[in-house]
Amino acid sequence: MLRVAVCVSGGGTNLQAIIDRVKDGTITNTELVLVISNKPGAYALTRAAEAGIDTAVIEPKTFPSKDAFGEAMVDALKKARIDLVVLGGYLVILPENLVKAYEGRMINIHPSLIPSHCGEGYYGLKVHESVLARGNKVTGATVHFVDEGADTGPIILQKAVEVLDDDTPEVLQKRVMEQAEWKILPQAIDLIANDKITIVDGVVKQK
C-alpha cells in the first residue's frame with residue numbers, strides 16, 4: 001500500500017480529485033495519509049479533515065532558514081512513513097534538502113504542457129495568462145517527478161486541452177483542471193502505486 005502525502009497551498013481541488021479517485025477505486029493500492037499546507041487557512045485542510053486525513057501546517061516563514069524548513073518537512077513526512085509526496089498546487093520554493101530526501105518519490109502537477117509556460121514564476125493564473133498572451137491554440141497539464149530545477153523533472157503524463165477564442169485566464173484554468181489535471185494526477189499516482197513506471201536515462205517509461 002502506497003502511503004501518500006499531498007502538499008497544498010489553497011483550495012485543494014487536486015487534492016479532492018485524489019480523494020475521490022481513491023474512494024471510487026480509480027487509484028488502487030494507495031492510502032492518503034497526510035495533507036501538509038504552508039497556509040493555516042487553506043481550504044484544502046478542511047477537505048482533508050472531512051475525508052479523515054491527518055493534516056499539518058508547516059509555514060516556511062516561521063523557520064530561520066530554508067534548510068530548517070526543509071528539515072521540518074522531511075521530519076513530518078518520515079514520521080508519517082510517506083512513500084510518495086504529491087505537490088497539488090503547492091506554491092512554495094522547495095528546499096534542496098527536501099528534494100534530495102524524496103528524490104524519485106515526489107511528483108508535481110503543472111497546468112501547462114511542459115516545456116511551455118513553465119519554470120520560475122509560472123504558477124496559478126500566470127500560466128494561463130501566458131498561454132493566452134502567446135495565442136496558443138492548445139494547452140494542457142503535466143505530471144512530472146520533482147528535481148532541483150523548476151518544472152524540469154522527468155515527465156510522467158501529459159494531457160492536451162483546447163484553448164478557445166473567448167477564453168479568459170480563469171475560464172481556461174477551470175477547463176485545464178477539469179479536463180487534464182484531475183485526470184492525469186490520479187492516473188500517475190495509480191501507476192506509481194502499482195509499480196508500472198520506471199525512469200531510464202531521465203525518461204519515464206511505462207512497464
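Which way do Leu84, Val85, Val86 and Leu87 point from β4, and are they buried or exposed? In this predicted model, Leu84 and Val86 point one way from β4, while Val85 and Leu87 point the other way. All four are buried. That fits a general pattern: in a regular strand, side chains alternate between the two faces of the sheet.

So where does β4 sit? The fold has an open sheet of seven strands with mixed pairing, and reading across it gives the order β3-β2-β1-β4-β5-β6-β7. At the edges are β3 (54-57) and β7 (155-162), each of which pairs on one side only. From one strand to the next, the twist averages 20°. In that order, β4 comes between β1 and β5. With β1 it runs parallel, joined by four bridges, and the bridge partner of Val4 in β4 is Leu84. On the other flank, β4 and β5 also run parallel, this time joined by three bridges. Here Val85 stands opposite Met106 in β5. Moving one strand further along, the pairing changes sense: β5 and β6 (residues 138-145) are antiparallel over four bridges. One of the pairs here is Ile109 with its bridge partner Val143 in β6.

A helix also packs on this part of the sheet. Helix α3 (residues 66-79) lies across β1 (2-8), β2 (30-37) and β4 (84-87), and it runs at about 155° to β2.

Next come the open spaces. Rolling a probe the size of a water molecule over the atoms shows where empty space is left. The largest pocket holds about 1,000 Å³ of space. It is lined by 41 residues, and the closest to its centre are Tyr90, Leu91, Val92, Asn108 and Tyr123. The elements that give two or more residues to this lining are α1 (13-23), β5 and α6 (169-193).

Strand β5 leads on to a loop worth a look. What lies in the loop between β5 (106-110) and α5 (125-134)? One residue there is His117. His117 counts as buried because its relative accessibility is 10%, which is under the 20% cut-off. Its side chain makes a polar contact of 2.7 Å with the side chain of Ser130, and another of 2.5 Å with the side chain of Asn136. Leaving out residues up to four places away in sequence, His117 touches His110, Ser112, Tyr122, Val127, Ser130, Val131, Arg134 and Asn136. Pro115 lies in this loop between β5 and α5 too. A cis peptide bond joins Ile114 to Pro115, with omega at about 20°.

Back towards the start of the chain, Gly12 is found in the loop between β1 and α1. Gly12 is buried, since its relative accessible area is 7%. Apart from neighbours within four places in sequence, Gly12 is in contact with Ala44 and Arg47. Its distance to Val85 of β4 is 15 Å from C-alpha to C-alpha, with the two positions 73 residues apart in sequence numbering.

Helix α6 brings in another residue with polar partners, Arg175. With a relative accessibility of 14%, Arg175 counts as buried. The Arg175 side chain reaches the backbone oxygen of Glu162 at 3.2 Å, and a polar contact of 2.7 Å joins it to the side chain of Asp167. Setting aside neighbours within four places in sequence, the contacts of Arg175 are Val161, Glu162, Val163, Leu164, Asp167 and Ala180.

Finally, two residues have backbone angles that call for a mention. Asn29, in the loop between α1 and β2, has a positive phi of about 55° although it is not a glycine. Asp201 also has a positive phi, near 55°, and is likewise a residue other than glycine. Asp201 has its place in the loop between β8 (197-200) and β9 (203-206). How open are these two positions? Asn29 is partly exposed, with a relative accessible area of 34%, whereas Asp201 is exposed, at 78%.

Terms used:
Residues numbered from 1 in each chain as written. Predicted model: local features only at pLDDT ≥ 70, side-chain atom pairs only at ≥ 80, totals over all residues. Heavy atoms only, no water. Buried < 20%, exposed > 50% of the residue type's maximum accessible area, 1.4 Å probe, protein only. Polar contact = N/O pair within 3.5 Å; in protein donor to acceptor, adjacent residues only side chain to side chain. Contact = heavy atoms within 4.5 Å. Pairing = 2+ DSSP bridges. Axes fitted to C-alpha atoms, helices over the stretch in contact; angles between N-to-C directions. 1 Å grid on protein atoms, 1.4 Å probe; cavity = no way out; pocket = protein on both sides within 12 Å on 5 of 7 lines; lining within 4 Å. Points joined across faces, edges and corners; volume = space filled by probe spheres on them.
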